[in-house]
Amino acid sequence: MRYALVLLVLLTIAKPQISHAQDYLPHKKDGKFGFVNGSGQWVVNPVFDRVGHFKNKIAYGIIHDSLFLINANNSKRFISGVRNMEIVDSNAFLLQNNEGKWAITDSTLKTISDYKYSKIKMVNGYFLVYQGGLFGVLDKNGKEMLPVENSYGKFIMSNLFLAVVNKEK
């Protein structure tokens with residue numbers, strides 16, 4: 001009985017909590033992707049070659065190598081010169097240009113950092129930016145906290161970062 005109760009508690013904790021737009025699921029029809037709601041009704045028509053999942057009421061879709069930003073109301077916005085996108089949160093997007101470089105923008109697509117990084121990750125509210133085998137740290141506004149000259153780094157606590165500077169300059 002005790003094991004069944006523990007299992008029930010674990011299943012209850014593990015059950016995902018889905019918000020309104022995040023229950024829109026990618027669905028394919030006639031070779032094109034769109035999104036359906038929990039009832040199976042189309043909320044974004046299937047016109048895309050590829051789509052990303054909704055995150056913070058925003059997703060992306062690709063038509064013939066053109067990237068579109070899609071919101072939960074089915075409105076689409078074309079983004080030129082971009083081949084990939086990651087939605088970090090409701091205030092920040094990572095965009096990859098056709099040359100493979102990444103940049104950070106806000107939710108209105110205003111540039112926070114230019115296209116110059118080979119990789120960007122958000123950790124503990126900071127952007128880890130990579131360039132030429134080295135990395136640095138930017139704050140959420142794009143201000144350089146650590147220059148891109150570190151060979152190793154790790155968050156020790158949520159606001160304490162350890163970095164090893166590359167001495168081979």
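**Group meeting: strands, turns and one salt bridge**

Okay, let's begin with S80, which is exposed, at 54% relative accessibility. Before I go on, keep in mind that this is a predicted model. So where does S80 sit? You'll find S80 in the loop between β7, residues 76–79, and β8, residues 82–89. And how far is S80 from N98 in space? Going C-alpha to C-alpha, S80 and N98 are 9.6 Å apart, with their positions 18 residues apart in sequence.

Staying with β7 for a moment, this strand belongs to an open sheet of 4 strands, in the order β4-β5-β6-β7, with antiparallel pairing. Which strands are at the edges? Those are β4 and β7, and each of them pairs on one side only. The partner of β7 is β6, residues 66–71, and the two run antiparallel over 4 bridges. If you want a spot to click on, take L69, whose bridge partner in β7 is R77. As a quick reminder, strands of a sheet pair through backbone hydrogen bonds, either parallel or antiparallel.

Now let's go back towards the start of the chain. Strand β1 covers residues 25–29 and strand β2 covers 32–36, and they pair antiparallel over 5 bridges. One pair to look at is K28 with F33, its bridge partner in β2. The hairpin these strands make has 2 residues between them, and D30 has a positive phi there, near 55 degrees.

β2 also pairs with β3, residues 42–48, again in the antiparallel sense, over 3 bridges. Here V36 has W42 as its bridge partner in β3. What separates the two strands of this hairpin? There are 5 residues between them, and G40 in the turn has a positive phi of about 85 degrees.

Last topic, the charged side chains. How many salt bridges turn up in a search of the whole structure? Just 1. The pair is D49 and K32, and their closest N and O atoms are 2.4 Å apart. D49 is in the loop between β3 and β4 while K32 is in strand β2, so this contact ties together parts that are 17 residues apart in sequence. Are these two residues buried or exposed? In between, actually: D49 is partly exposed, with a relative accessible area of 31%, and K32 is partly exposed too, at 26%.

That's my tour, happy to rotate the model if anyone wants another look.

Methods
Residues are numbered from 1 along each chain as its sequence is written. This is a predicted model: local features need pLDDT of at least 70, side-chain atom pairs count only at pLDDT 80 or more; totals for chains, interfaces and linings use all residues. Side-chain values use heavy atoms; hydrogens and water are left out. Two strands pair if DSSP finds at least two bridges between them. A salt bridge is a side-chain nitrogen of Lys or Arg within 4 Å of a carboxyl oxygen of Asp or Glu. Buried means under 20% relative accessible area, exposed over 50%, partly exposed in between (1.4 Å probe, protein chains only).
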